[in-house]
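This report goes through selected features of one structure. The sequence and coordinates come before the discussion.

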Amino acid sequence: MIHRVHGACPHDCPDTCGLITEVENDRAVRLYADPDNPVTKGWLCAKVRPYLDHVYHRDRLLHPLRRVGAKGGGQWRQISWTEALTEIADRWRSVIADYGASAILPYSYSGTIGLVQAGVSAARFWNRLGASQLQRSICGAAAELAVESTLGARWSPPVAELEQTNLVILWGHNPVSTAPHFMPALRRAQKRGCQLVVIDPLRTRSAQGANHYLAPLPGSDGWLAMGLAHLLEKLGLHNESWLENHAVGWLALRERLVPFTPERVARKTGLTERRLSDWPDFMRSANRASSRLPTASIGQKMAARTSVPYAPYRRSPPNTAHPAAAWPIARVATWSGIAKLFSIPVIARRLREPST
Ligand code: SF4
């Protein structure tokens, strides 16, 4: 008899699709999208659609292999799980005996291991072992802290909010490839007039469908953020009283923005001053903006998005006890033009003073 198992896609992907797997005699015989999931809407990406082919593929590695020849020689011997685990444990015991447990540095990220393995059981194991501590992602921690301390949490904006958004900014984010279920709603929004701005050094497939595309030089988008903030502040397209009352570090940021003139930012980013000057026009014409910025997010298996789709608000109060609170971070920059908004969590430490 076939029974259906409802689950979620294990990939570290913001769409977090609902899956249904049909199982017969302990074997998955069919896998498809949950038609009732409001984001998945009954279709899966090309990566996951043939999942059962991967699971049951004859080349799939099902047991441990021990290298027996020279490295790169491709010679392997099948061993049991007990042998493999014993060998690993023996080696670790020897490392711990010689150098202490902190000589072991666990380094992994999310992939397809899911929340329990990634965020709970692995941490308990390494803590118990006394291994070195590592913020598991070595690349996203600073961005994660910036987003959390800006917005209170790294929550994804509901896709349905696109219906009411008239400016979407994809900043270093390529949802055509990495969050495909966002795209139909985005294209619908564009058809009814929503402007799409893509900021990415690479002309991605998402950039190809943009109304406005900015390609700053790689590594220069911190300059771009500060330069755009400079322009918005200079033209008064921000909500001064809201920032004074709700943002942490606004006055310091305002001073910090002064030297980020369009001329200097253009030099650093490789963009023309004209392209930068277009920015206030986007903001003037948008009263319901949404921005998506990817950062690693082990906790929520998603590329983090920040979104401030309506009037200035937070989902939770700023966490002033958070370590990031001590950083020279422009933690909230939520601007109000004719209406609102745009969120720029900027790590300004590196941008303290622009060099010429
Ligand atoms: S779009 Fe993302 S969540 Fe959906 S099936 Fe593909 S990888 Fe999984």
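Which residue in the turn of the hairpin formed by S2 and S3 has a positive phi? In this predicted model, Asn-25 takes that role, with a phi of about 50 degrees. The hairpin leaves two residues between S2 and S3.

**The sheet**

S2 and S3 belong to an open sheet of three strands, arranged in the order S1-S2-S3 with antiparallel pairing. S1 (2–8) and S3 (27–33) are the edge strands, and each of them pairs on one side only. From one strand to the next, the twist averages 25 degrees. S2 covers residues 18–24.

The table lists the strand pairs with their bridges.

| Strand pair | Sense | Bridges |
|---|---|---|
| S1 and S2 | antiparallel | seven bridges |
| S2 and S3 | antiparallel | six bridges |

Individual partners can be named in both pairs. On the S1 side, Gly-7 lies opposite Leu-19 of S2, and Ala-8 has Gly-18 in S2 as its bridge partner. On the S3 side, Val-23 is bridged to Ala-28 of S3.

**The ligand shell**

Which residues are around the ligand? Four cysteines are not the whole of the list, which reads Cys-9, His-11, Cys-13, Asp-15, Thr-16, Cys-17, Leu-44, Cys-45, Lys-47, Val-48, Pro-180 and His-181. By class, this shell divides into seven nonpolar, three polar and two charged residues. Cysteine is counted as nonpolar in this division. The charged class takes in Asp and Lys, and the shell includes Asp-15 and Lys-47.

**The helix pair H8 and H11**

How do H8 and H11 lie relative to each other, roughly parallel or roughly antiparallel? The axes of H8 (residues 221–234) and H11 (residues 262–269) come within 9 Å and cross at roughly 160 degrees. Angles over 145 degrees count as roughly antiparallel, and H8 and H11 are therefore roughly antiparallel to each other. The crossing of H8 past H11 is left-handed.

The contact brings together Trp-223, Leu-224, Gly-227 and Leu-231 from H8 with Pro-262, Val-265, Lys-268 and Thr-269 from H11. Five of the residues in this contact are nonpolar, two are polar and one is charged. Lys is a residue type that counts as charged, and Gly is placed among the polar ones; Lys-268 in H11 and Gly-227 in H8 are both part of the contact.

Methods: Residues numbered from 1 in each chain as written. Predicted model: local features only at pLDDT ≥ 70, side-chain atom pairs only at ≥ 80, totals over all residues. Axes fitted to C-alpha atoms, helices over the stretch in contact; angles between N-to-C directions. Helix = DSSP H or I, 4+ residues; strand = E, 2+ residues; numbered from the N terminus. Parallel < 35°, antiparallel > 145°, perpendicular 65-115°, else oblique. Left-handed = near helix turned anticlockwise from the far one by under 90°. Contact = placed C-beta atoms within 7 Å. Near = placed C-beta within 6 Å. Pairing = 2+ DSSP bridges.
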